[in-house]
Amino acid sequence: MNAWQKAETAYNPQENPIEVLVDYVDPSPSDRTPKPLDCQNISSAAQLVPANTQLANPLQINSFYACVDASRNLAQVYLRGSALMRLEQNAVYSDSQAAYFPSLNIQVKSRGTTSSKF
């Protein structure tokens, strides 16, 4: 992570659309779901990825994101699934059905290498 460099241009989701790599990640819009974690509670330098902006997160979904502090090689990853989507194709999160939306929150600390050779 110490060798990572920020791109010169902003990420454009219209040119590089978000692709789901895991089945049944909750697609509910963020106005109906629990608020994302406050990354500042993890580290004052941590950033929300993707950022909660229309450009970075056009669908305004907060079921898969990370708080990343590259200077400390630290990431906290959050993932919320939707078991209800197996029963209802257009299932949307609600507090009364929260049991159908299991979530995972894990913090990862890298001790990686600065070499490009593995």
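Trainee: Which residues make the nonpolar surface patch of about 250 Å²?

Mentor: Leu104, Ile106 and Val108 make that patch. Keep in mind that this is a predicted model. For the general idea, think about strands: in a regular strand the side chains alternate between the two faces of the sheet. Now the case here: Leu104 lies in strand β4, which covers residues 103-109.

Trainee: Is Leu104 buried, partly exposed or exposed, and why?

Mentor: Leu104 counts as partly exposed because its relative accessibility is 48%. The cut-off for exposed is over 50%, and buried means under 20%.

Trainee: Okay, let's zoom out. How many helices and strands are there in the protein?

Mentor: There are 0 helices and 4 strands. Reading from the N terminus, the elements go β-β-β-β.

Trainee: In what order do the strands form the sheet, and is the pairing parallel or antiparallel?

Mentor: The sheet is open, its order is β1-β2-β3-β4, and the pairing is antiparallel. β1 and β4 stand at the edges with a single partner strand each, so one side of each has no neighbour in the sheet. From one strand to the next, the twist averages 20°.

Trainee: How many bridges do I count between β2 and β3, and how many between β3 and β4?

Mentor: β2 and β3 pair over 6 bridges in the antiparallel sense, while β3 and β4, also antiparallel, are joined by 7 bridges.

Trainee: Which residues could I click on to follow the register?

Mentor: Start with Asp69, which stands opposite Leu74 in β3. Then try Cys67, whose bridge partner in β3 is Gln76. From Gln76 you can step across to β4, where its bridge partner is Gln107.

Trainee: Is β3 mostly covered or mostly open?

Mentor: Mostly covered: 5 of the 7 residues in β3 are buried. For the protein, buried residues make up 25% of the 118 residues.

Trainee: What about backbone angles? Where should I look for a positive phi in the β2 and β3 hairpin?

Mentor: Look in the turn. The hairpin has 4 residues between β2 and β3, and Asn73 in that turn has a positive phi of about 55°. Asn73 is a residue other than glycine. Asn73 counts as buried because its relative accessible area is 13%.

Trainee: Which other residue should I check, in the loop between β1 and β2?

Mentor: Gln60 is found in that loop, and its phi is near 50°, again a positive value in a residue other than glycine. With 21% relative accessibility, Gln60 counts as partly exposed.

Trainee: And which peptide bond is cis?

Mentor: The bond from Val49 to Pro50 is cis, with omega near -5°. Pro50 lies in the loop between β1 (47-49) and β2 (64-69).

Trainee: Back to the whole chain. What share of the contacts with a separation of 6 or more comes from residues 24 or more positions apart?

Mentor: Those residues account for 58% of such contacts in the protein.

Trainee: And how much surface does the protein expose?

Mentor: About 8,800 Å², and carbon and sulfur atoms supply 53% of it. To tie up where we began, the patch of Leu104, Ile106 and Val108 is about 250 Å² of nonpolar surface.

Conventions:
Residues numbered from 1 in each chain as written. Predicted model: local features only at pLDDT ≥ 70, side-chain atom pairs only at ≥ 80, totals over all residues. Heavy atoms only, no water. Patch = residues over 30% accessible without salt bridge, like charges linked within 9 Å, V, L, I, M, F, W, Y side chains within 5 Å. Areas by Shrake-Rupley, 256 points an atom, 1.4 Å probe, with all protein chains shown as cover. Salt bridge = Lys/Arg side-chain N within 4 Å of Asp/Glu carboxyl O. Helix = DSSP H or I, 4+ residues; strand = E, 2+ residues; numbered from the N terminus. Buried < 20%, exposed > 50% of the residue type's maximum accessible area, 1.4 Å probe, protein only. Pairing = 2+ DSSP bridges. Axes fitted to C-alpha atoms, helices over the stretch in contact; angles between N-to-C directions. Contact = heavy atoms within 4.5 Å.
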